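Me: Could you walk me through the structure shown below? I would like to begin with open space and then turn to what is packed around it.

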Amino acid sequence: MKYNLKYILPLVVVFFTACNNNQKTGNTKQQTELVFPQGEKITNANFTGTAYLQPLMDADSLNSISVGNVTFEPGARSNWHLHPAGQIILALDGKGYYQEKGSTKRILQKGDVIKCPPNVPHWHGASADTEFIQIAITGREKGPTVWLEVVRDEEYNDGVK
């Protein structure tokens with residue numbers, strides 16, 4: 001998968017800056033400042049629960065990737081889907097899940113980076129009790145996202161303790 005580093009590197013810098021800019025309030029609580037707006041509620045059938053999308057960069061003739069800030073409320077998740085040119089997920093805040101077909105579900109937390117290989121069905125979203133915020137960097141040069149079936153509750157809850 002080819003990405004133009006001229007465009008990716010500034011996003012990585014923003015990501016790590018955001019992860020390190022949390023401020024402590026008192027001794028016990030940490031308050032997170034949003035780096036990007038939450039965006040608009042996603043109203044299509046490709047998600048279970050409530051999720052929001054703030055597009056940050058659309059693919060165009062100069063750069064074949066799109067970038068978006070996605071906020072999943074607790075329990076919200078995408079359907080199974082794949083990206084013909086792959087995807088990178090940067091976990092900004094909260095607790096989330098990522099799973100590829102045939103693999104064990106992974107727990108995602110602030111600072112985690114996931115490389116979704118091209119054409120591999122997967123899903124991602126928030127844990128049952130915690131919001132999850134991510135940046136999705138998606139290759140578009142080989143075609144749009146292919147949406148598949150809903151993630152069943154049994155799949156979502158599998159391995160949750």
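**Pocket, strands and cores**

Reply: Gladly: 26 residues line the largest pocket. Keep in mind that this is a predicted model, where local features need pLDDT of at least 70 and side-chain atom pairs count only at pLDDT 80 or more, while totals for chains, interfaces and linings use all residues. Residues are numbered from 1 along each chain as its sequence is written, and side-chain values use heavy atoms, leaving out hydrogens and water. Nearest the pocket's centre lie Phe47, Leu53, Val70, Arg140 and Trp147.

Me: How much space lies in the largest pocket?

Reply: A pocket here is an open set of points on a 1 Å grid over the protein atoms alone, where a 1.4 Å probe fits, with protein on both sides within 12 Å along at least five of seven lines; lining residues have an atom within 4 Å of a point. Its volume is the space filled by probe spheres set on the points. For the largest pocket, that comes to about 440 Å³.

Me: Which element gives the most to the lining of the largest pocket?

Reply: The elements that give two or more residues are strand E3 (40-41), E5, E6 and E13; strands are DSSP runs of at least two residues, numbered from the N terminus. With five residues, the one that gives the most is E6.

Me: How many of the residues of E6 are buried?

Reply: Buried means under 20% relative accessible area (1.4 Å probe, protein chains only). Ile65, Val67, Asn69 and Thr71 are covered on one side of E6, and Ser66, Gly68, Val70 and Phe72 on the other. The buried count is eight of eight.

Me: Which residue in E13 is the bridge partner of serine 66?

Reply: Two strands pair if DSSP finds at least two bridges between them. E6 pairs in the antiparallel sense with strand E5 (residues 51-57) over six bridges, and with strand E13 (residues 132-139) over eight. Opposite serine 66 in E13 is threonine 138.

Me: Which element gives the most to the largest nonpolar core?

Reply: Such a core is a set of buried Ala, Val, Leu, Ile, Met, Phe, Trp, Tyr and Cys residues joined through side-chain atoms within 4.5 Å. The largest has 14 residues, and Phe72, Tyr98, Ile114 and Phe132 have the most contacts inside it. Strands E6 (65-72), E9 (87-100) and E11 (113-116) each give two or more residues. Giving the most, with three residues, is E9.

Notes:
Buried means under 20% relative accessible area, exposed over 50%, partly exposed in between (1.4 Å probe, protein chains only). Helices (H or I, at least four residues) and strands (E, at least two) are DSSP runs, numbered from the N terminus.
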